[in-house]
Structure formats: structure tokens, C-alpha cells
Amino acid sequence: MKHNEQQPWTLETLLVHGSRKLAISHHSGRPTVQPISPSTTYLHEDAEALDRAFSGELPSGEKAYVYARQGNPNAQALENVLAEAEGGAGAVVFGSGMAAIHAAVLTAGLVPGAKIFIARDLYGPTIGMLRSLFLPFGVEVLLRDLCSPDVGQMIRDEQPDVIYAETLSNPLVKLIDLDAISAAAREVGAITVVDSTFTTPYLLKPIERGFDIVVHSATKYISGHGDCTAGVMICAQNAHVQQAHTYATMLGAMLGPFDAFLVSRGMKTLPLRMERQCDNALAVARYLQQHPAIERVYYPGLADHPHHELATRLFRRGRFGGLLAFELKEQSRAAAFRFMDKLQLCLPATTLGDVYTELSYPPMSSHRNLTVAERQHIGISDGCIRFSAGIEDVGDIIRDLEQAL
Ligand SMILES: Cc1ncc(COP(=O)(O)O)c(C=O)c1O
């Protein structure tokens, strides 16, 4: 299929048809799918050509490959599509979401003496990584309430060098106001990084909202089938893309060809999957809301969620994501375990964003390293369950929850 340069494709079309050109040339017929290229190294016509290939580009403008850790055609094809999907200058793919986050904060400028603001309820291992790798090198790592309505003033007053947030918090699905954060960050010259794993470009494009760097655990919605581990970083500026690529190569964090292939393949159906996951999550949220065994439901698609209005402004397509959390009336570990053990269709799994519906118990999984008091401080009770909608029939999902409750 030839790309029409005049009319940019919608996300749905872009993800199905991929980037404008395959990442490797084929003179004997053009495949519709980027072939998997497991080669560790790439041979060139002669020593002069090999020397040119080290620059990463051929005189024709085509990508040149020399050694797989520096880049491979499958990673490149995925990077091209993701950069376009997020509206960035370029993307770099990594072996996991954590590797992408590590490279993103390095790219954003975490040098000794720098000050980073991080959201209080970030994914636990992200806080752990920032504290254990960067605090000892003299980076000031400051937890802040980035959901606060005063976030803009806080940034102007304290002038951080880097701001790191998540579009939706885990597990209580709170939102940040990306417009307010990016506007204040620009005023004080801070670099903004956001983990958009839970929203994906289907719901939100943070670069369009003024953010500098977007990261995803592509292990989740982007690949979507629970069969690979991957991360991605998309940058608004080309200089950041080059820097991130250098870190990926230097740290050996580059995504391998097989996993890049799986992510590319899974990503073709991202809009279809997310449409169904958002619709299923809304139906389940409404069902749980009226259930006598449920104390409270957290879902930005419900009018009583504190960030419902913000979600309506920020999210595209009038949908609110595939994730929600709820509290059992009986707020105890024993009740949560009983409920999880009774599930027959939904998977008690520590991941999310897959085609399967998955439930997890945050006090045991994502927030197990916090004390009860710390968990309570961020609003996670002992009866809290996280729910990630899959693409199954919503009637089957609700019947499974009903018998388990
Ligand atoms: C929001 C978020 N960011 C990052 C990560 C880390 O991604 P990965 O497991 O692919 O390293 C996770 C993993 O659960 C996550 O939920």
C-alpha cells in the first residue's frame, strides 16, 4: 500500500499498514510484513561501504545496520510506527519498560545536582530505580502530588529540572493535568517525561500536550497479548532521540528482533482492542458500582470520579481506559484472597493491558513493599483490587465477577 503524503493516516490505519517504508530493502519482491532479522551483524559491499554504514545511514537515506545492539530492522520498523503514532520526532525501543524509563530519565538530564519531581503514586519499581540508582549520585528525587490543582504554581516555585509522571496512576486511576504541567515546565525550563502505558496513543498523545518524552511499558497494551516484554521511548525533539539511542546501545538495552516483531504484530490491533477494553471497563465499573459487596469503584469514566472532567477534556474518543480499581466492603486480605481464588475466567495476574481480563491485588503485588500506613496514605486499602479489562464478552466477565463476589 502506498502512503498518501498529502493526508496523514489515522492511528487505526497507521498501525495496520505500518511505517511509510520497510526498514530493509527487498529487490526480489516486497513483503507486506517486516521479516524477522535475527542477524547479529550486517555485511556491506566493501570496507568503504562498511565505514559509511557505521554512521547509521546509506547515501540513499536508507538505514544501515552493522551490529544488532546498535539497531536492527525489526526494532527500526517498530520505532518508525511508534514515533508517528505519538507525533514525536523519533522513538527508541528497549528490552523492557524499565529499561525505557531508565534511558528516559538519563536523556532528560539527571546529572549530579539535578532535581526531579516524581508523582507520589508512580509505579513502585520506577520510584525504587530512581532512588537506588540516582540518589547516590547526588540527584534530588522529590515525591510531589502532581495531581494537585496547584501543580503549576508548585513547579514555578520549586523549579525542578525534570518532571516525571504517569498519565493514569496505578491502581486508583488518578489523572494528571498534562496541559498545566507542561506549561509550567516550559516556563522554568524543566524537561517533562510521562509514562503513558495505561492510556496509549489511542486515548492520549502527551507530545501534543507539550510533553518532551513519552515512555511505555510495551509489555502491556501496545503489544497486548501477554507474550513479550518491551519498552519504548518517544521524544518530541530529535536531539533526545539521538541521546536515547546512544544510551540504548551503551547499556545494551535495545529490543531484540523477535520481540520487536511481536510488538509490531500486536500493535496492529491496538485501537480495536482498546475500544473493546474501554467499553468493557465502563460496563464493569457500572455493574460493580451497584453491587452490595463493593464499597467503592475508581474509574475516570464514572461521573463521581474526582478527575472525570479532566479525563473528558484529555482523552480522545469519549472513552476512559481499560483499567479500574474497586474496594471490597470487607476490607481484608482474607476477603480479597477468597475473591481472587474464586475467579474462573478472569486471570489473577500481575500484569495488565492484555486481551485477557486480569485482576491483581495491589497490597500483594505492585505495592507490596509499602507499609500498611504508606498504602493507606495513598488510598489503597486492604480490600483494593485492580481490574484490567480484556476483550472477552462483557457478559461472561460480569458473570465471573458475580459468582466470585
Ligand atoms: C505504568 C508502568 N510503567 C512501567 C512498567 C514497567 O514495565 P516492564 O515490566 O515492561 O519493564 C510497568 C509494569 O507493570 C507499569 O505498570
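Two strands count as a pair when DSSP finds at least two bridges between them. Keep that in mind for the close-ups below, which all come from a predicted model.

**Figure 1. Strand 2 sits beside strand 3 and strand 4.** Start with strand 2, residues 115–119, and look to its two partners. With strand 3 (residues 140–144), strand 2 pairs in the parallel sense, and five bridges hold the match. One of the residues to look for is isoleucine 116, whose bridge partner in strand 3 is valine 141. Strand 4 (residues 162–166) is a parallel partner of strand 2 as well, this time over three bridges. Here, phenylalanine 117 has isoleucine 163 of strand 4 as its bridge partner. How do you get from strand 2 to strand 3, and with which hand? Helix 5 (residues 124–134) joins them in a right-handed β-α-β unit.

**Figure 2. Which way do the side chains of strand 2 point?** In a regular strand, side chains alternate between the two faces of the sheet. Strand 2 shows this nicely: Lys115, Phe117 and Ala119 point one way, while Ile116 and Ile118 point the other way. Is this strand mostly covered or mostly bare? Mostly covered: five of its five residues are buried.

**Figure 3. Seven strands line up in one open sheet.** Zoom out a little and read the strands across in the order 1-7-6-5-4-2-3. The pairing in this sheet is mixed. Which strands sit at the edges? Strand 1 (90–94) and strand 3 do, and each pairs on one side only. Ignoring direction, neighbouring strands of this sheet are turned by 20 degrees against each other on average. For an antiparallel pair, find strand 6 (residues 213–217) and strand 7 (residues 231–235), joined by five bridges. Within that pair, valine 215 has methionine 233 of strand 7 as its bridge partner. Now add helix 3, residues 73–86: it lies across strand 1, strand 6 and strand 7. Compared with strand 1, helix 3 runs at about 130 degrees.

**Figure 4. A ring of names for the ligand's surroundings.** The residues around the ligand are Ser96, Gly97, Met98, Ile101, Tyr123, Asp195, Thr197, Phe198, Ser217, Thr219, Lys220 and Ala230. Three of these side chains are worth a closer look. Serine 217 has a polar side-chain atom 2.8 Å from an oxygen atom of the ligand. In the side chain of threonine 219, an N or O atom is 2.6 Å from a ligand oxygen atom. For lysine 220, the distance from a side-chain N or O atom to a ligand oxygen atom is 2.8 Å.

**Figure 5. A second open sheet has five strands.** This time the order is 8-9-12-11-10, and the pairing is mixed. Strand 8 (294–298) and strand 10 (347–348) are the edge strands, each pairing on one side only. Helix 13 (residues 333–342) packs on the sheet and touches strand 9, strand 10, strand 11 and strand 12. Its direction makes about 125 degrees with that of strand 9.

**Figure 6. Strand 12 is covered on both faces.** Strand 12 covers residues 384–388, and five of its five residues are buried. Cys384, Arg386 and Ser388 lie on one side, and Ile385 and Phe387 on the other. What are its partners? Strand 9 (residues 323–328) pairs with strand 12 in the antiparallel sense over five bridges. There, phenylalanine 326 has isoleucine 385 as its bridge partner. Strand 11 (residues 358–360) is also antiparallel to strand 12, over three bridges. On that side, glutamate 358 stands opposite serine 388.

**Figure 7. Glutamate 374 reaches for a backbone nitrogen.** Glutamate 374 lies in helix 14, which takes in residues 372–377. Why does this residue count as partly exposed? Its relative accessible area is 40%, so it falls between the 20% limit for buried and the 50% limit for exposed. A polar atom of the glutamate 374 side chain lies 2.9 Å from the backbone nitrogen of threonine 371. For a sense of scale, pick out glutamine 243: it is 131 residues from glutamate 374 in sequence, and the C-alpha atoms are 36 Å apart in space.

Technical notes:
Residues are numbered from 1 along each chain as its sequence is written. This is a predicted model: local features need pLDDT of at least 70, side-chain atom pairs count only at pLDDT 80 or more; totals for chains, interfaces and linings use all residues. Side-chain values use heavy atoms; hydrogens and water are left out. Helices (H or I, at least four residues) and strands (E, at least two) are DSSP runs, numbered from the N terminus. Buried means under 20% relative accessible area, exposed over 50%, partly exposed in between (1.4 Å probe, protein chains only). A polar contact is a pair of N or O atoms within 3.5 Å; within protein, one must be able to donate a hydrogen and the other to accept it, and residues adjacent in sequence count only if both atoms are side-chain atoms. A crossover is right-handed if, with the strands pointing away from the viewer, the path from the first strand over the helix to the second runs clockwise. Axes are lines fitted to C-alpha atoms, for helices over the stretch in contact, and angles run from 0 to 180 degrees between N-to-C directions. Contact means heavy atoms within 4.5 Å. A residue is near a molecule or strand if one of its heavy atoms lies within 4 Å of it.
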